[in-house]
Amino acid sequence: MKGPPITVSCKCGEVRHVPYGETWQCEKCGRRWNTAQIPAEDYWGIMREMRNYRLVVIGIALGLALAVVTLLAVALGVGVATGAAGLIFLFALALSFGIAWSGISTFIALATRNSESTLMISILTTFPLLFLSTAVMPKPLLPDWVQTVAVYNPISYIADALHRLIITGWDWAVIGGAFLVILVVGAVTLSATTAMFRRAVSG
Ligand SMILES: [Zn+2]
């Protein structure tokens, strides 16, 4: 079984991605770097933890999408405005946001190296953001200060796109904006976890 490569930075400045267990001799200065020095248990433990938390957060995101759809459908007594294609978009949005957002819990898992605190912090960071977004209520109905927070909350943009798909129809500016937010969240969490992973296996 092969895991993701480890980024090795040589003292001379060369950087190379080396598969776990392999040795790399720097072409520039000749120093040797042995990734097998990282205990296998640590390496695979971290990989397992990362995968587990990823699944938990993706599950939460999908459950959330389902709950929003069901609630709205029941409340409005109507179907989805954009039909079956809209439903596919809806789940694609929820799933890709879940994957991007799950990087946060991966980051926490690597930082704390502790399962309980990872789960706690993940839940404590995700749920308040959820309630401080337009996910639960249309913006005009939210208290003033929550409206202000909601503007900076990535979950709002996803929720807006979901609402449009269900209630009004295809609004490409809002849907495109949601995908853009997902890309930004994904880029931020991915670079943060990559940096943290490097620290975790080299520490
Ligand atoms: Zn070197």
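This report describes the fold, core, helix packing and selected residues of a predicted model.

## Overall architecture

The chain holds six helices and four strands. Read from the N terminus, the order of elements is β-β-β-β-α-α-α-α-α-α, with the four strands ahead of the six helices.

The radius of gyration of the chain is 21 Å, whereas a compact globule of 203 residues would have one near 17 Å. Along the principal axes, the C-alpha atoms occupy a box of roughly 70 × 35 × 35 Å. Of the 203 residues, 26% are buried. Among contacts with a separation of 6 or more, 57% join residues that are 24 or more positions apart.

## Domains

The chain is split into two parts: domain 1 covers residues 1-37 and domain 2 covers residues 39-202. A distance of 34 Å separates the C-alpha centres of domain 1 and domain 2.

Two residue pairs illustrate distances between these domains. Leu87 lies in helix α2, and its C-alpha atom is 52 Å from that of Glu27, with the two positions 60 residues apart in sequence terms. Ala150 of helix α4 (residues 144-151) is 133 residues along the chain from His17, and their C-alpha atoms are separated by 39 Å.

## The nonpolar core

In soluble globular proteins, nonpolar side chains tend to be buried together. The largest nonpolar core in this model has 33 residues, and the members that touch the most other members are Leu93, Phe97, Ile158, Ala161, Leu162 and Ala178. Helices α1 (40-76), α2 (83-112), α5 and α6 each contribute at least two residues to this core. Helix α2 provides the largest share, eleven residues.

Ala178 shows how parts of the chain meet here. Leaving out residues up to four places away in sequence, Ala178 touches Leu93, Tyr157, Ile158, Asp160 and Ala161. Of these partners, Leu93, Ile158 and Ala161 are also listed among the core members that touch the most others.

## Packing of α2 against α3

Helix α2 packs against helix α3 (residues 115-131) at an angle of about 145°, and their axes are 9 Å apart. The crossing of these two helices is right-handed. On the α2 side, the contact is made by Ile104, Ser105, Ile108, Ala109 and Thr112; on the α3 side, by Ser117, Thr118, Ile121, Ser122 and Thr125.

Ile108, one of the α2 residues in this contact, also gives a distance to the loop between α5 and α6: its C-alpha atom is 38 Å from that of Thr168, a residue 60 positions away along the chain.

## Burial of three residues

Three residues show three levels of exposure. Ala150 in α4 is buried because 21 C-beta neighbours lie inside 10 Å, and the cut-off for a buried residue is 20 or more. Apart from neighbours within four places in sequence, Ala150 is in contact with Leu132, Ser133, Thr134, Lys139, Leu142 and Ser156.

Leu87 in α2 has 16 other C-beta atoms within 10 Å, so Leu87 is partly exposed. Thr168 sits in the loop between α5 (154-167) and α6 (172-202). Thr168 counts as exposed because there are 11 C-beta neighbours inside 10 Å, and a residue with 12 or fewer is exposed.

How values were computed:
Residues are numbered from 1 along each chain as its sequence is written. This is a predicted model: local features need pLDDT of at least 70, side-chain atom pairs count only at pLDDT 80 or more; totals for chains, interfaces and linings use all residues. The radius of gyration is taken over C-alpha atoms; the globule rule is 2.2 Å times the number of residues to the power 0.38. Two residues are in contact if their C-beta atoms, placed from the backbone, lie within 7 Å. A nonpolar core is a set of buried Ala, Val, Leu, Ile, Met, Phe, Trp, Tyr and Cys residues joined through C-beta atoms within 7 Å. Domain bounds come from an automatic or database domain assignment. Axes are lines fitted to C-alpha atoms, for helices over the stretch in contact, and angles run from 0 to 180 degrees between N-to-C directions. A crossing is left-handed if the near helix is turned anticlockwise from the far one by less than a right angle, and right-handed if clockwise.
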